Amino acid sequence: MPTKTLQIPTADGQADAFAAFPEGGGPHPGVLMYADGFGIRPALREMAGELAGHGYCVLVPNFFYRHGPAPVIELPEHIGEAERPAVFAELMPLIEAHTAERTLRDADAYLTFLTAQPEVGAGPVAVTGYCIGGLLATRTAVAHPDRVAALAAFHAPVGADGPDSLAKLAAEVHFGHAEGDLTPEALDGINRALDAAGVRHTSEIYPGTVHGFTMSDTDSFDPAASQLHWERLLSLLDRTLTER
């Protein structure tokens, strides 16, 4: 799978990024993929490559670029329960510093860069994200309804900005929630906000899952839920990007 390491010009500097492309040139639909809080690493590169293998040009920016190139902190090959406290002690200040304002400034730069790549076809793109990256993807889709046709977020705090924000979505949406992340009542609140706004969506709890179920380099990984995530994501992208 063709890949590139890139530098994205932003209002605050240069964001390093990883990109994966289908074989055979282009043009192909574009997907902006936000990593989870652990950032760009082999597991995310594999996921971007998997998605590219289905015919999509995938851009994965290091949204912590203000703190240095990826990996911003040293990560173990496998992030188990024993390693998580030390890793999160380093990550949480970076996550807390990544404000909504920073997210929106960067999102414009990421989308502009993605759609300017020669491998990427004309028209709207999709955004997807994991964990905190799912919130960044949601904020990106809310801010750019004319540029984003599809939004997918997994084990992500998608309701963090409140129902009024979700009501502004124009993209078709899939939210795949971890069972350990929210209650059925919280899920109902998210879905009622989407229903009331007329947002075309699926939003569901993946049974038996805990936060991080898509990440193969963590103890949270759930192979069955990960496969379901791929099925939901690819179905969404096929409907919104390739059937136009």
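Let's start with the lining of the second largest cavity: by class, that lining has seven nonpolar residues, one polar residue and no charged ones. Keep in mind that what we have on screen is a predicted model.

So who are these residues? Please find Leu 6, Ala 19, Phe 21, Cys 57, Val 58, Leu 59, Leu 114 and Gln 117, which together line the second largest cavity. Which strand gives the largest share of this lining? That is strand 4, residues 57-61, with three residues. The space inside the second largest cavity is about 30 Å³.

Now let's step back for a moment. How many cavities of 30 Å³ or more are there? The count comes to two. The largest cavity holds about 80 Å³ of space. Its lining is made of 13 residues, and those closest to the centre are Phe 38, Gly 39, Phe 64, Val 72 and Ile 73. If we sort the lining of the largest cavity by class, we get ten nonpolar residues, three polar ones and no charged ones.

Let's move on to the backbone, where I have two spots to show you. One is the peptide bond from Ala 70 to Pro 71. Is this bond cis or trans? The bond is cis, and its omega is near -5 degrees. You can find Pro 71 in the loop between strand 4 and helix 2, and that helix covers residues 84-97.

The other spot is Cys 131. This residue is not a glycine, and yet its phi is positive, at about 55 degrees. To find Cys 131, look in the loop that joins strand 5 (125-130) to helix 4 (132-143).

My last stop is a pair of helices. Please turn your view to helix 1, residues 42-52, and helix 7, residues 223-242. The two pack with their axes 12 Å apart, at an angle of about 45 degrees. Are they parallel or oblique to each other? The angle falls in neither the roughly parallel nor the roughly perpendicular range, and helix 1 and helix 7 are therefore oblique. The crossing of helix 1 past helix 7 is right-handed.

Which residues make the contact? From helix 1 we have Met 47, Glu 50 and Leu 51, and from helix 7 we have His 229, Trp 230, Leu 233, Leu 234 and Leu 237. Sorted by class, this contact has six nonpolar residues, one polar and one charged.

That's my tour, and I'm happy to go back to any part of it with you!

Note on methods. Residues are numbered from 1 along each chain as its sequence is written. This is a predicted model: local features need pLDDT of at least 70, side-chain atom pairs count only at pLDDT 80 or more; totals for chains, interfaces and linings use all residues. Side-chain values use heavy atoms; hydrogens and water are left out. Axes are lines fitted to C-alpha atoms, for helices over the stretch in contact, and angles run from 0 to 180 degrees between N-to-C directions. Helices (H or I, at least four residues) and strands (E, at least two) are DSSP runs, numbered from the N terminus. Angles under 35 degrees count as roughly parallel, over 145 as roughly antiparallel, 65 to 115 as roughly perpendicular and the rest as oblique. A crossing is left-handed if the near helix is turned anticlockwise from the far one by less than a right angle, and right-handed if clockwise. Contact means heavy atoms within 4.5 Å. Ala, Val, Leu, Ile, Met, Phe, Trp, Tyr, Cys and Pro count as nonpolar, Asp, Glu, Lys and Arg as charged, and the others, Gly among them, as polar. On a 1 Å grid over the protein atoms alone, a cavity is a set of points where a 1.4 Å probe fits but cannot get out, and a pocket is an open set with protein on both sides within 12 Å along at least five of seven lines; lining residues have an atom within 4 Å of a point. Grid points are joined across faces, edges and corners, and a volume is the space filled by probe spheres set on the points.
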